[in-house]
Amino acid sequence: MEDSMAKLKELGAAGQSVWLDFIRRDMVANGELADLVDEGVTGVTSNPSIFQAAISGSDLYDEDIAAAEGDPLAVFETLAVADVQGAADVLRGVYDATDGFDGYVSLEVSPTLADDTEGTIADARRLWDRVNRPNLMIKVPATPAGIVAIEELIAAGINVNATLMFSLDDYEAVAMAYVRGAERTEYPERVASVASFFVSRVDNKVDPALEALGTDDALALRGLAAVANAKLAYRRYQEIFEGPPFAAARARGARPQRALWASTSTKNPSYSDVLYVDELVGPNTVNTIPPATIDAFRDHGTVDAHALTTDVDGAERHFEALAALGVDIDAITEELQVEGVDAFADAFNGLLETIEAQREDS
């Protein structure tokens with residue numbers, strides 16, 4: 001048991017932070033989150049789907065919902081802010097011990113604002129002030145409107161978790177928005193950011209396209225696109241943050257914006273359930289992992305500190321092979337971002353409907 005419990009710290013020793021991709025208030029109250037922090041978890045991420053599962057799938061929030069005043073949005077925000085504050089307080093020791101490098105909890109702006117730059121900035125500022133914790137990260141989607149917002153929020157000294165990235169173009173736009181913001185912010189050493197690059201959903205979309213082709217060459221490429229995509233994004237991270245583009249901000253004391261691997265639970269049961277953990281280990285990265293995948297990794301995961309930098313040329317060749325077969329990765333990743341924004345908006349709206357229904361029944 002001790003060996004399995006040390007697995008998350010092995011990732012930390014390899015330079016990768018483990019953040020829990022889940023939040024629910026009982027985890028704070030019963031000490032479960034504190035136990036995970038002792039084991040090596042150094043952050044928490046949330047999104048509308050996670051909050052929908054927590055609030056709709058338990059009775060933990062029923063009394064507060066019944067007693068709350070205001071519309072469903074105000075009720076949800078009160079619940080979410082309290083959960084995030086509680087988790088941030090548990091992680092404050094990590095934040096302090098690492099001088100602000102780690103120990104963050106993420107809270108997303110309303111997904112209905114994905115195409116509204118000014119609305120995103122205003123919502124982010126409001127949530128930042130309301131949560132009032134230095135180890136908060138505001139999640140902002142990497143839509144065209146969100147890219148502009150990310151730069152402005154970083155410039156204002158607000159920590160940002162840029163989310164819903166699927167393509168290398170998405171990644172580069174987010175990274176450079178952070179660089180520009182870090183060059184402008186008054187206290188660059190205080191601001192922190194991660195770039196959440198989504199992984200498993202890429203295989204979920206590419207594999208059916210390959211199966212539709214049905215040839216041996218096409219079928220041999222299944223299950224490889226997501227990791228290849230992440231490896232190329234990490235190479236771009238190195239080029240930007242270890243090279244000239246970040247030099248001026250680095251000289252001002254800014255930290256690099258770390259690459260964060262999101263959507264790392266394996267959706268295809270024929271693949272390893274730790275595929276998107278084992279294959280994505282590397283320095284200055286974060287992997288935000290849901291509870292079931294953490295359990296699986298504890299049991300049979302492996303840590304190769306050089307996984308992300310192994311056979312990057314092979315990752316390039318993989319995308320060349322996809323293109324040769326007519327699989328349009330750019331169209332696929334663009335579609336994934338649209339679907340991701342829509343899915344979070346649907347979860348958000350469904351959550352508000354659940355809150356309204358519970359209040360009517362109480």
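Helices and strands here are DSSP runs, numbered from the N terminus. With that in hand, open the model, which is a predicted one, and start inside.

**Stop 1: Val 105**

Select Val 105, which belongs to strand 3 (residues 104–108). Is Val 105 buried or exposed? Its relative accessible area is 0%, and anything under 20% counts as buried, so Val 105 is buried. Now show its neighbours, leaving out residues up to four places away in sequence: Val 105 touches Ile 23, Val 44, Val 84, Ala 87, Ala 88, Leu 91, Asn 135, Leu 136 and Met 137. Pick Ala 87 from that set and draw a line between the C-alpha atoms: Ala 87 and Val 105 are 18 residues apart along the chain, and the line comes to 6.8 Å.

**Stop 2: aromatic pairs**

Next, show the rings. Across the whole structure there are 11 aromatic pairs. Go to Phe 76 and Phe 348, whose ring centres are 5.7 Å apart with the planes at 85°; planes over 60 degrees apart count as edge-to-face, so this pair does too. Colour by helix and you'll find Phe 76 in helix 7 (residues 72–97) and Phe 348 in helix 18 (residues 329–361), so the pair ties together parts that are 272 residues apart in sequence. Phe 76 is buried, at 9% relative accessibility, and Phe 348 is buried as well, at 6%.

Now jump to Phe 241 and Phe 246. Here the centres lie 5.1 Å apart and the planes meet at 65°, so this is an edge-to-face pair. Both rings are tucked away: Phe 241 is buried at 2% relative accessibility, and Phe 246 is buried at 0%. Add Tyr 178, Tyr 234 and Tyr 237 to the selection, and you have a cluster linked with Phe 241 and Phe 246 by ring pairs.

**Stop 3: charges over rings**

Select Arg 258 and Phe 101. The charged end of Arg 258 sits over the Phe 101 ring, 4.0 Å from its centre. Then look at Lys 7, which lies over the face of Phe 297 at 5.6 Å from the ring centre.

**Stop 4: the cavities**

How many cavities of 30 Å³ or more does the structure hold? There are two. Keep Arg 258 and Phe 101 on screen, since they help line the largest cavity, together with Gly 100, Tyr 104, Met 137, Tyr 178, Val 191, Ala 192, Ser 193, Arg 255 and Pro 256. The volume of this largest cavity is about 70 Å³, and its lining splits into seven nonpolar, two polar and two charged residues.

The second largest cavity has a volume of about 50 Å³. To find it, select Glu 108, Val 109, Pro 111, Ala 114, Pro 141, Leu 164, Gly 340, Val 341 and Phe 344. Which element gives the largest share of this lining? Helix 18 does, with three residues. By class, the lining has seven nonpolar residues, one polar and one charged.

**Stop 5: the largest pocket**

Finish at the largest pocket, with a volume of about 270 Å³. Centre the view on Thr 143, Pro 144, Asp 170, Glu 334 and Gln 337, the closest to the pocket's centre of the 17 residues lining it. Helix 9 (144–155), helix 10 (168–184) and helix 18 are the elements that each give two or more residues to the lining. Helix 18 has the largest share here, seven residues. Colour the lining by class and you'll see seven nonpolar, four polar and six charged residues.

Methods: Residues numbered from 1 in each chain as written. Predicted model: local features only at pLDDT ≥ 70, side-chain atom pairs only at ≥ 80, totals over all residues. Heavy atoms only, no water. Phe/Tyr/Trp six-rings, centres within 6.5 Å; stacked < 30°, edge-to-face > 60°. Helix = DSSP H or I, 4+ residues; strand = E, 2+ residues; numbered from the N terminus. Buried < 20%, exposed > 50% of the residue type's maximum accessible area, 1.4 Å probe, protein only. Lys NZ or Arg CZ within 6 Å of the ring centre and 35° of its normal. 1 Å grid on protein atoms, 1.4 Å probe; cavity = no way out; pocket = protein on both sides within 12 Å on 5 of 7 lines; lining within 4 Å. Points joined across faces, edges and corners; volume = space filled by probe spheres on them. Nonpolar A, V, L, I, M, F, W, Y, C, P; charged D, E, K, R; others polar. Contact = heavy atoms within 4.5 Å.
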